[in-house]
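Student: Please take a close look at one part of this structure, the place where two of its domains meet. What is buried there, and which kinds of contact are found?

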Amino acid sequence: MERVVVVGAGLAGLQAVTALRAQGYAGELVLLGAERYPPYDRPPLTKGFLLNDLDDSTLPFDPQELKVDVHYGVRATGLRPGLVETDGKDQAYDGLIIATGAEPLRLPGTGGHYLRTRDDAHTVRAALRPGARVLVVGAGWIGAEVATAAARRGCRVTVVEQAATPAPHVLPPEVGRHLAPWYARAGVELRTGQRVAEVRPDGVELADGELLRADVVIVGVGVRPATGWLEGSPLEVDAGVLVGPDLRASWPGVVAVGDVAARWSPRYERRIRGEHWDDALRAPAAAVATLLGRPTSYDPVPYVWSEQFGRMVQFAGVPMPDARLVWRGDPTRDPTWAVFWVTADHRIAAALTVDRPRDLTQARRLAERDARVDLDLLADPLVSVKQS
Ligand code: FAD
């Protein structure tokens, strides 16, 4: 392999070029990024960045040291065998790493901010003036973090969520309902069960016709993989670039990583899209091994964290529908608690922890090992989470 092109200069793209050199690849290496910036971290954009605690989340990267030919502000526009077409100079490749991430799902209408990039974060931060009426659409991880920051900045915040409880993309109502009181305690109004039909410059119109006026609207209703540039290419794409557990795509010499990849997971017998920082961090080393002819299986227990309303919320695994819930602590009373999705044969399928990082680490480790647990001990917050 003599010329590897990495498309997408986010965390996954950066990890890919780093892993290529670390694993001994000595050929030409090109990194293309649509944004004007070198790779930066996105999680701080809804946290320290909005609170004015942080201005720059640029990731450490020295292109000269790694001998990477970087092209920022250049967008890939198409893919043919052996050639990435761009809005600048086209790039020939014999190895290709697709790391184009995801982009926010948009609601109908012309108004509203969407928070994905550093530029978006600058715009939103400037709009969060004390006393401003801020309306956040979506009570998922991003919406809750934006609401947290806006409330701390002295804004009057309302969150509108179409589902009955927060974080409905991961948590069933019996778990999600325990996140709802956090909003009120932070001075944020949470309106659930209300669907936004249109985002307008002066607020949002709900499906029932009600108009909620606001000075600032921020929409966080999920993302979709950034695969538009692959339309018309014979690469298999279906809600993400389809890859196997070795992260190989449907063409020779092509792998995909991070938010853009839809990976087949033998562990869960389903396709899993990264969509989280940890996946963008870890998958590239495995993808690079595959590209360099040392196929590796990458099938971790997915992990995400969210810092909301002064709490560290962590979630690992995939909540299987037939799993039973085991509570550790009482969410209505205890400041810290956890809940586990446990299979019929007493294995942890997923875990949600609130300000209990050690429980999360241990539960994730047990899930990775497919270990059995004792349900009584699991429910006891005074005993560490361990194998039975
Ligand atoms: P991205 O970071 O999206 O990078 C992809 C890059 O590719 C982008 O720079 C994009 O401009 C570029 N690109 C796209 N299309 C093209 C093209 N055609 N040509 C060239 N370049 C292209 N995860 C957590 O686990 N915990 C958190 O607390 C958390 N907080 C987050 C907060 C925010 C505001 C956001 C947006 C995300 C957060 N995430 C969090 C998710 C995490 O940041 C992502 O999973 C991670 O950034 C994915 O990395 P990636 O490199 O795959 O994609």
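Tutor: The following account describes the interface of domain 1 and domain 3. This is a predicted model, in which local features need pLDDT of at least 70 and side-chain atom pairs count only at pLDDT 80 or more, while totals for chains, interfaces and linings use all residues. Residues are numbered from 1 along each chain as its sequence is written, and side-chain values use heavy atoms, with hydrogens and water left out.

By an automatic or database assignment, the chain is divided into domain 1 (3-103 + 223-291), domain 2 (113-219) and domain 3 (310-378). Between domain 1 and domain 3, the C-alpha centres are 31 Å apart. Six residues of domain 1 and eight residues of domain 3 make up the contact (heavy atoms within 4.5 Å).

The two domains bury about 540 Å² between them, with 43% of it on carbon and sulfur atoms; buried area is the accessible area (1.4 Å probe) that two parts lose on being put together, summed over both. On the side of domain 1, Arg267, Tyr268 and Arg270 lose the most area to domain 3, together 75% of what that side buries.

Three salt bridges are found across this interface, a salt bridge being a side-chain nitrogen of Lys or Arg within 4 Å of a carboxyl oxygen of Asp or Glu. Glu368 pairs in a salt bridge with Arg282, with the closest N and O atoms 3.8 Å apart. On the side of domain 1 that touches domain 3, strand E21 (270-273) and helix H6 (277-291) each supply at least two residues (DSSP runs, with at least four residues for helices and at least two for strands).
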